Amino acid sequence: MRAPIVVIGPVLEPIMGTLAIGAGTASLFTTGMILCFGLLSPLAPGFADRVGLDRAIACAITLIAVGGVMRGVESLTIMLLGTLCAGLGIAFGNVFMPSLVKRDRGDRLGRTMGLYTVMMGVGATISAGSAVPLMRASGSWSTPIWLWAGFGVLSALLWWRLALRLPAGDGATAKRPPMSRLFRSPVAWTLTLFMGAQSLGFYTLQTWVPAVAIQAGVPEATAGLMLSMINLTSIPASYFIARLASRLTHHSLLVLGLCALIAAALLGLMLAPTAAPIGWALLLGAGQGGCFSFALTMIVLRTRQPQHAAMLSGMSQSLGYLLAACGPLLFGALHGLSGDWQLSLGFLLLLLAGQSVAGVLLGRPRMVRLGDD
């Protein structure tokens, strides 16, 4: 679910050359997906109600696989349709996974959520790192895209084999309360705000960290290494935090510590970017990876039923990804106004303060109550 998002970036220049398109159009291959996550995630719980969770997951993986194949075709129209198709599949998969963990792995929540977030990080890291070598070895930018689509095809076949053995529905339609009840839950809104703030910060820094570091005087090679270290550090951090969060009753100090790591890194980039650039990257990776894992784990821990987990996942990830899509643009616009990155980084610090407050409130042992549990 992460490889199709990041595999395009390293081969974007040759794609633009082949299709004779500019950077604005090419950005649709990535930002279009993020917008799909935000706009289409709320539709996922209802779809799972109608066909059953297992078949819904099989459908989502099938969409990812088909979209991946289409994104390797040398046609702008087909690639954009493939982006929409894969974006819909990933949006639904993002919502379904916490519900699946809640249903099938209730006794191993921390371990399962930790492995889930780790594998997303591993998939993103390998797909991004292997894209250019695969393109050079084959002579075509379609090769890395189709390779990861192939993994999607295999996954879809395995899921369909499982899903077709099970009943078509879960009986969830009668159990799941209307979405409007979720909108009245303070815990749901707290998680949604936390997810939105952490998503915006993550995608913004994924886009702009190298540029911020280079303008401050960090060598280009080191700036590129910073981004790699952020992603690599986030992998063990996400696993550790999921395991730890599942064992705790009160989580406020945990999330406050994670936000403090991010704050230290942002202040380092503002005040002394060349002093320890790799150190700032390590802090960002640990803090952001931990916050992402914490948010996903809270979706499972703060709900009582799998259907409620799917509803909360749809609500929180929808707003989260919509905010994330705006973050890189706003960060760059603030740079354009000021001529340096101080105002942009200050904006992220202000956002982090709000994220910290939401995280502390979310850390209190309160459940999402929908009137039927």
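This is a short tour of one predicted model, stop by stop.

**Before you start**

Residues are numbered from 1 along each chain as its sequence is written. Because the model is predicted, local features need pLDDT of at least 70 and side-chain atom pairs count only at pLDDT 80 or more, while totals for chains, interfaces and linings use all residues; side-chain values use heavy atoms, with hydrogens and water left out.

Helix names such as H9 come from DSSP runs, numbered from the N terminus (helices are H or I, at least four residues; strands are E, at least two).

**Stop 1: rings in helix H9**

Select Trp148 and Phe151. Both lie in helix H9, residues 142-163. They are three residues apart, about one turn of the helix. An α-helix has 3.6 residues a turn, so residues three or four places apart point the same way.

Rings of Phe, Tyr and Trp (its six-membered ring) pair if their centres lie within 6.5 Å; planes under 30 degrees apart count as stacked, over 60 as edge-to-face and the rest as tilted. By this rule there are 11 aromatic pairs. Trp148 and Phe151 make a tilted one, with 5.1 Å centre to centre and 35° between the planes.

Are these two residues buried or exposed? Buried means under 20% relative accessible area, exposed over 50%, and partly exposed in between (1.4 Å probe, protein chains only). Trp148 is buried, at 19%. Phe151 is partly exposed, at 44%.

**Stop 2: a pair between distant parts of the chain**

Now select Trp208 and Trp341. They form a tilted aromatic pair, 5.2 Å centre to centre, with 50° between the planes. This pair links distant parts of the chain, 133 residues apart. Trp208 is in helix H12 (186-215). Trp341 is in the loop between helix H16 (306-338) and helix H17 (342-362). Trp208 is partly exposed at 24% relative accessibility, whereas Trp341 is buried at 6%.

Next, add Phe37, Phe202, Tyr203 and Tyr321. These form one aromatic cluster.

**Stop 3: the largest pocket**

Keep Phe202 and Tyr203 selected. Add Val6, Gln206 and Thr207. Of the 42 residues that line the largest pocket, these five are the closest to its centre. About 1,400 Å³ of space lies in the largest pocket.

Pockets and cavities are found on a 1 Å grid over the protein atoms alone: a cavity is a set of points where a 1.4 Å probe fits but cannot get out, and a pocket is an open set with protein on both sides within 12 Å along at least five of seven lines. Lining residues have an atom within 4 Å of a point. Grid points are joined across faces, edges and corners, and a volume is the space filled by probe spheres set on the points.

Which elements give two or more residues to the lining of the largest pocket? They are helix H1 (3-6), helix H4 (28-40), helix H8 (109-138), H12, H13, H15 and H16.

Leu39 is found in helix H4. Leu39 is exposed, at 58% relative accessibility. Its C-alpha atom is 6.2 Å from that of Ser318, although the two are 279 residues apart along the chain.

**Stop 4: helix H14**

Select residues 252-271. This is helix H14, with 20 residues. The expected span of a helix is 1.5 Å times one less than its number of residues. For H14 that gives 28 Å, and its end C-alpha atoms are 28 Å apart, which agrees. Its buried residues include Leu258, Cys259, Ile262 and Leu266. Among the elements covering them are H12, helix H13 (220-247), helix H15 (277-301) and H17.

**Stop 5: two cysteines and a glutamine**

Select Cys259 and Cys291. Why is there no bond between them? Their sulfurs are 4.3 Å apart, too far for a bond; a disulfide is a pair of cysteine sulfur atoms within 2.5 Å. The model has zero disulfides by this rule. Cys259 is buried at 2%, and Cys291 is buried at 1%.

Add Gln355, in helix H17. Gln355 is buried at 4%. Leaving aside neighbours within four places in sequence, Gln355 is in contact (heavy atoms within 4.5 Å) with Phe194, Ala197, Gln198, Cys259, Ile262 and Cys291.

**Stop 6: the largest cavity**

Stay with Gln355. It is one of the residues that line the largest cavity, as are Phe202, Ile262, Leu266 and Gln288. That cavity has a volume of about 90 Å³. There are two cavities of 30 Å³ or more. H12, H14 and H17 each give two or more residues to the lining of the largest cavity. H12 gives the most, with five residues.
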